[in-house]
Amino acid sequence: MDNLSTVNRMMSDQKTKQTTRRAAGAAGLLVGVLAVLAGSRVLLGLSIPGYTVLRPLVVYNVLAGAVSIVAGLGLWTGRSWAPHLAAVMAAAHVIVLILLVGIAALGEAVATESLGAMTFRSAVWSGIAWLVARRSPNA
């Protein structure tokens with residue numbers, strides 16, 4: 001009877017890890033798709049925001065969005081490299097956010113929308129990286 005309880009607990013824990021990974025993957029995938037769509041519209045001139053646009057930031061957002069899609073799909077499908085890519089995405093967004101704050105502190109024009117979006121992406125990917133690190137097989 002004790003062995004059966006242990007097996008049931010292990011199966012339940014495995015199911016929880018899979019659910020966490022898939023939820024994190026879905027969130028990362030959604031953020032990535034939205035970044036690619038919004039950034040591509042600006043780069044292609046289909047959308048003209050009513051605020052200062054830093055073109056290198058838009059290019060970064062589209063490229064990072066594409067990587068986010070890969071990371072999200074990797075998390076969803078349980079790829080071993082995906083938690084590492086999630087951590088890289090979190091770090092990259094935090095670094096870019098710090099750079100944007102620094103640029104703004106120097107008196108250069110940085111849109112509030114850009115700061116808000118990068119704060120959001122930093123928080124989402126930091127949360128994803130934390131969740132999947134906690135639920136990784138080695139944790």
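The largest pocket holds about 400 Å³ of space. Here a pocket is an open set of points on a 1 Å grid over the protein atoms alone, where a 1.4 Å probe fits, with protein on both sides within 12 Å along at least five of seven lines; the volume is the space filled by probe spheres set on the points. This is a predicted model, in which local features need pLDDT of at least 70 and side-chain atom pairs count only at pLDDT 80 or more, while totals for chains, interfaces and linings use all residues. Residues are numbered from 1 along each chain, and side-chain values use heavy atoms, without hydrogens or water.

The pocket lining counts 22 residues, each with an atom within 4 Å of a point. Closest to the centre sit Ala38, Tyr51, Asn61, Ala117 and Arg121. Helices α1 (2-43), α2 (55-76) and α4 (112-134) each give two or more residues to this lining, with helices taken as DSSP runs (H or I, at least four residues). The largest share, seven residues, comes from α1.

Turning to the interior, the largest nonpolar core has 15 residues, and Leu75 and Trp125 are among those with the most contacts inside it. Such a core joins buried Ala, Val, Leu, Ile, Met, Phe, Trp, Tyr and Cys residues through side-chain atoms within 4.5 Å. Helices α1, α2, α3 and α4 each supply at least two of its residues.

Histidine 93 lies in helix α3 (residues 82-105) and counts as buried because its relative accessibility is 2%, the cut-off being under 20% (1.4 Å probe, protein chains only). Beyond four places in sequence, histidine 93 touches residues including Tyr60, Arg121 and Trp125, contact meaning heavy atoms within 4.5 Å.

Note on methods. Buried means under 20% relative accessible area, exposed over 50%, partly exposed in between (1.4 Å probe, protein chains only).
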